[in-house]
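Q: Got a minute to go through this model with me? I'd like to take it chain by chain.

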Amino acid sequence: MALCEAEKTFILHSVEENFRIDGRQRGDYRPMELETNIVAPSFGSARLRLANTDVLVSVKLEIDSPTLEQPKLGKIEFFVDCSANATPDFEGRGGDNLATEISNCLSSAYKSSTAFDAGKLCILKGSKCWKLYVDILLLECGGNLYDAVSLAVKAALWDTRIPLVKSVVVDGNKVDMEVSDELFDCERLDVTGAPIMVTVCKIGDQCIVDPTTAEEHCSGGSVVVAVSKSNFSTILQTGGGSLHPMTLLESLKLGQTVAQRLDSTLINTLKQINDNSTDVGFLK
Amino acid sequence: MSNKIHIGIASDRVNPSVALNQRVPKIYTPGEVITEQNELMRGHGTYEEDGCLKSSVAGLKEEVNKLISIKPLKSRYNGEIGDVVVGRITEVQQRRWKVETNSRLDSVLLLSSVNLPGGELRRRSAEDEHMMRKYLQEGDLISAEVQNVFTDGSLSLHTRSLKYGKLSQGVLIKVFPALIKRSKTRFHNLSVGASVILGNNGFIWICPTVNTEEESVGGFIQNLEYIVPIEEREIIARIRNCILALAQSKMMLFDTSILFAFEESKKYAVAELLLPEAMVDVALLTQQRLTLLENQ
């Protein structure tokens, strides 16, 4: 989508006046909708819809052996799939760059042990651990992908139930383990520290959060900050353009406060979800 | 809603339908038998099989005497001569512009079917061809009228009137073409202080009210220096959110419904109108006022 100069001017001025084209202020978010446990065969799943951005995340588990360098840690792997339904640009290999960018950003954000405790995923030091496959499917793009993806990933991880391991028997080099047969003998992951990403978009001289597609087109550059609790876990610059050190600092501050607000809202919402609610799915 | 973030739960979603107490019209699905009579005529969106008339799209039945057609709920725009459309230039070609108008194929705007700046009337020379990008370039928004429909369904547009031409500062929103109510006038100067162009193709343009004198200079002037005052911005944003609320509840869009929605939305702040609950509320109140108006 290309915008004409007059539309860009209109958006630019609206950001300057702190009254954006849909009436939001610079630090405001659009309302979102969340559903967890939406993909039955997976261990945990979530779907988040933020205006026109639609993200589906599912978590799968497998038993793997830990790496030699980190024998006590489990593994987590992110895979992003850009559906060509989202925009025609994703057709063929068109979305690959964006997909790797998002998955790299996520894995670096989840690397820190304070953000995500991979030690809990270890079953037997050095030989057995859980591996989490987090599959992210972008169904629709309406701006602000990173934020939506990180929120959906956090919700899906919150929803994930890991089967309890009853016993582990070591016999020489062979490791035998018994997983509980009970369907509901599971434990949840602790995701309170899981990072939330916030895209801070620079338009004119001001910084905004949660840009729409049109606003993204007007932006001179943006910073994605991943914040876990109150610490930064990853910072990434996307889009062309350069940022002045002062602007960068400002946007980091804005990103941090917004991420904390988002985080507490998300956790509150997740607590409200009860398991017996009916499935909504995609049919409106 | 300043600074507060809303994350709703899908199972608590509000039903956007406003036709609760009223008769919901029957929606035909593809392959469904409409009638088994043979005397009726086959219109758009239907086909004959085994002596029955069946629907080929999902939509509502329309009957004109013996002609039966199914009007699809969601579709691309099917142009008709005389329709006013809003479109975006996608390409500048030899003697023509390609325009995105939400139809299946890109529409064309010929160099010979635009007004030259200043309203000069003459044959288009090679020089004009070189100047084409000066008039309209990729990404520019225009309002135009459908001049001709080709056999493949693509449209030929023209802007040979002072009311058509390049659009300046404002907001574009996209809705389903079926939601735009057909009426004589597409250009509305709403009394609340903004202008709305309801394109038949589902593209709606909202901009600050323009002086008709200023406008008549020609269709290619954009004033980028002008800063739209915050009051007008608020009106535009409110109209934008109101139209989206009506569109979400599948209500017809025309000047009265937009005005009613605007008035009913006054109790919410503009940004609050993004919340699904507020959107449905505004749509419901508008629906009530419209039925009242109808019954009078």
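A: Sure, below are short answers on chain B and then chain A; bear in mind that this is a predicted model.

Q: Start with chain B. How many helices and strands has chain B?
A: Chain B has six helices and 17 strands.

Q: And what does the C-alpha trace of chain B span along its principal axes?
A: About 60 × 55 × 40 Å. Chain B has 296 residues, and 46% of them count as buried.

Q: What does UniProt list for residues 170-209 of chain B?
A: The UniProt record, an unreviewed entry, gives "domain: K Homology" for residues 170-209 of chain B.

Q: What is the helix and strand content there, and how far apart are the end C-alpha atoms of residues 170-209 of chain B?
A: That span of chain B is 0% helix and 45% strand. Its end C-alpha atoms lie 10 Å apart.

Q: Backbone next. Which sign does the phi of B:Arg95 have?
A: Positive, at about 60°, although B:Arg95 is not a glycine. Most residues other than glycine have a negative phi.

Q: Where is B:Arg95?
A: B:Arg95 sits in the loop that runs between β8 (84-93) and β9 (96-100) of chain B.

Q: Why does B:Arg95 count as partly exposed?
A: Because its relative accessibility is 42%, and partly exposed covers values between 20% and 50%.

Q: What about B:Lys250, what is its phi?
A: B:Lys250 is not a glycine either, and its phi is positive, about 55°. B:Lys250 lies in the loop between α4 (230-248) and α5 (255-264) of chain B.

Q: Switching to chain A. Which residues of chain A does UniProt list for "domain: Exoribonuclease phosphorolytic"?
A: Residues 29-163 and 194-256 of chain A, according to the unreviewed UniProt entry.

Q: How much helix and strand is there over residues 29-163 of chain A?
A: Residues 29-163 of chain A are 21% helix and 38% strand, with end C-alpha atoms 36 Å apart. For residues 194-256 of chain A the values are 29% helix and 44% strand, and the end C-alpha atoms are 14 Å apart.

Q: Now charge on the surface. Which residues gather in a patch of negative charge?
A: A:Glu178, A:Asp181, A:Glu182 and A:Asp185 make up that patch on the surface.

Q: Where is A:Asp181 found?
A: A:Asp181 is in the loop between β9 (174-179) and β10 (186-188) of chain A.

Q: Is A:Asp181 buried or exposed?
A: Exposed, because its relative accessible area is 72%, and exposed means over 50%.

Conventions: Residues are numbered from 1 along each chain as its sequence is written. Chains are lettered from A and ligands numbered from 1 in the order in which they are written. This is a predicted model: local features need pLDDT of at least 70, side-chain atom pairs count only at pLDDT 80 or more; totals for chains, interfaces and linings use all residues. Side-chain values use heavy atoms; hydrogens and water are left out. Patches are made of residues with over 30% relative accessible area and no salt bridge: like charges are joined within 9 Å, nonpolar side chains (Val, Leu, Ile, Met, Phe, Trp, Tyr) within 5 Å. Accessible areas come from the Shrake-Rupley method with a 1.4 Å probe; for residues, only the protein chains shown count as cover. A salt bridge is a side-chain nitrogen of Lys or Arg within 4 Å of a carboxyl oxygen of Asp or Glu. Lys and Arg count as positive and Asp and Glu as negative; His and the chain ends are not counted. The place of a charge is taken as NZ of Lys, CZ of Arg, CG of Asp or CD of Glu. Helices (H or I, at least four residues) and strands (E, at least two) are DSSP runs, numbered from the N terminus. Buried means under 20% relative accessible area, exposed over 50%, partly exposed in between (1.4 Å probe, protein chains only). UniProt positions are given in the numbering used here, feature names are shortened, and annotations may be inferred rather than shown by experiment.
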